[in-house]
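Please open the model in your viewer and display the side chains as sticks. The tour below proceeds from selection to selection.

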Amino acid sequence: MKYIDEFRDGALAQTLAAKIARAVEPGRGYSFMEFCGGHTHAISRYGLADLLPPALRLIHGPGCPVCVLPIGRVDLAIDLALSRGVILCTYGDTLRVPASDGLSLMKARSRGADIRMVYSTLDALEIARDQPQREVVFFAIGFETTTPPTALAIQQAEREQLANFSVLCCHVLTPAAMRTILDTTEASEGGAVALDGFIGPAHVSAVIGTRPYEFVAAEYAKPVVIAGFEPLDVMQAILMLVQQVNAGRAEVENEFARAVSREGNLKAQQRMAEVFELRSEFEWRGLGVVPYSALKLRESYAAFDAERRFKLAYRAVPDNPACECAAILRGAKRPQDCRIFGTACTPEFPVGSCMVSSEGACAAHYSYGRHRDLH
Ligand code: SF4
């Protein structure tokens, strides 16, 4: 397939691997975080870590939308669907995220809640049009990639005066999470996150551009290379990061220039800015409460804000004590470090959020055989 096959060429991957091996300086270690779950998935699916020299370590980051969703947010959605009688619409992976009391949205559905998987915000609007007598809530999750469609849906609902449509907004922001990771020291857990640079997100960056990452280079002296999701994209980005580290440079470079510019998608940014504003704080799974790291609806769109409409009160809920998702999402541990990885916790029966989505570190490792590393 044009524009896909070229980026999955095995011989070229080997050539890039050889270049990386030659670029690695003797006696030096390199630790790069792939922020985005799409990269985590690609690295596991194509076995890219096996092509890299031992001195090079890839650390999984928190860029998986369902992984970072804390239990308390899923509980709010379950409460809406089970106790308030709404039709709750959301994207597929969200249905299986474990919540309180052994529940998930999927299990709530088996108890009679009207919860519907949708492929786009347009589906949720359609349901609201079809059922004007019912309240329809779209449970909106994800990073900057999925935020513009939510903004468009809210504006469309306003134009149509769809009084029965609202949004439970849990959209989060990539740069704020990167800053938190850079500010976090894991010394108390004996696992310092010594990062030498970031493989930057692909789709998120198509929306926000490369400019929002410039603080990482300017303030923290860490290089960032924005990369596409194909295996050669990732390999090329790793080579660029190694070259920056060797040269003592810290810059934002763009390997994914076929889709990403410095400014990003200005129209999408405009729509987001019209509908949303920053929350003063938001709890992330793994990162804890992070200031100015998520979005809420502006006052002018308050009528479509499910939190206000249903007077929802957020309650933080601790993770299952056996689950290491929090440390994995901070880059402090690997999936194999979890005692129940691949045993009590599998993609069929996830205990933690990192085992739910194919972009989750645990699911990616499990699905593509990385669990064999255990033995
Ligand atoms: S294997 Fe399961 S329980 Fe362990 S960290 Fe991963 S998601 Fe959490």
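A residue is called buried under 20% relative accessible area, exposed over 50%, and partly exposed in between, with a 1.4 Å probe and protein chains only. This is a predicted model, in which local features need pLDDT of at least 70 and side-chain atom pairs count only at pLDDT 80 or more, while totals for chains, interfaces and linings use all residues. Residues are numbered from 1 along each chain as its sequence is written, and side-chain values use heavy atoms, with hydrogens and water left out.

**Charged pairs**

Select Asp305, which is buried with a relative accessible area of 5%. Add Arg308, its salt-bridge partner, with the closest N and O atoms 3.1 Å apart; a salt bridge here is a side-chain nitrogen of Lys or Arg within 4 Å of a carboxyl oxygen of Asp or Glu. Arg308 counts as partly exposed, at 33% relative accessibility.

Next, select Glu307 together with Arg73: their side chains form a salt bridge of 3.4 Å, N to O. Arg73 belongs to helix H4 (residues 71-83) and Glu307 to helix H13 (residues 306-309), so this contact ties together parts that are 234 residues apart in sequence. Helices (H or I, at least four residues) and strands (E, at least two) are DSSP runs, numbered from the N terminus. Both Arg73 and Glu307 are buried.

Keep Glu307 on screen and add Arg279, with which Glu307 also forms a salt bridge, the closest N and O atoms being 2.5 Å apart. Arg279 sits in the loop between strand E10 (276-278) and strand E11 (281-284), 28 residues from Glu307 in helix H13. Arg279 is buried, as is Glu307.

Now select Arg211, Glu214, Arg262 and Glu263, which are linked in a network of salt bridges. The model has 24 salt bridges by this rule.

**Aromatic rings**

How many aromatic pairs does the rule give? The count is six, where rings of Phe, Tyr and Trp (its six-membered ring) pair if their centres lie within 6.5 Å, and planes under 30 degrees apart count as stacked, over 60 as edge-to-face and the rest as tilted. Select Phe35 and Phe143: the ring centres are 5.9 Å apart and the planes stand at 85°, so the pair is edge-to-face. Phe35 lies in strand E1 (residues 30-36) and Phe143 in the loop between strand E5 (136-142) and helix H7 (147-160), 108 residues apart. Both Phe35 and Phe143 are buried. Adding Trp284 completes a cluster in which ring pairs link Phe35, Phe143 and Trp284.
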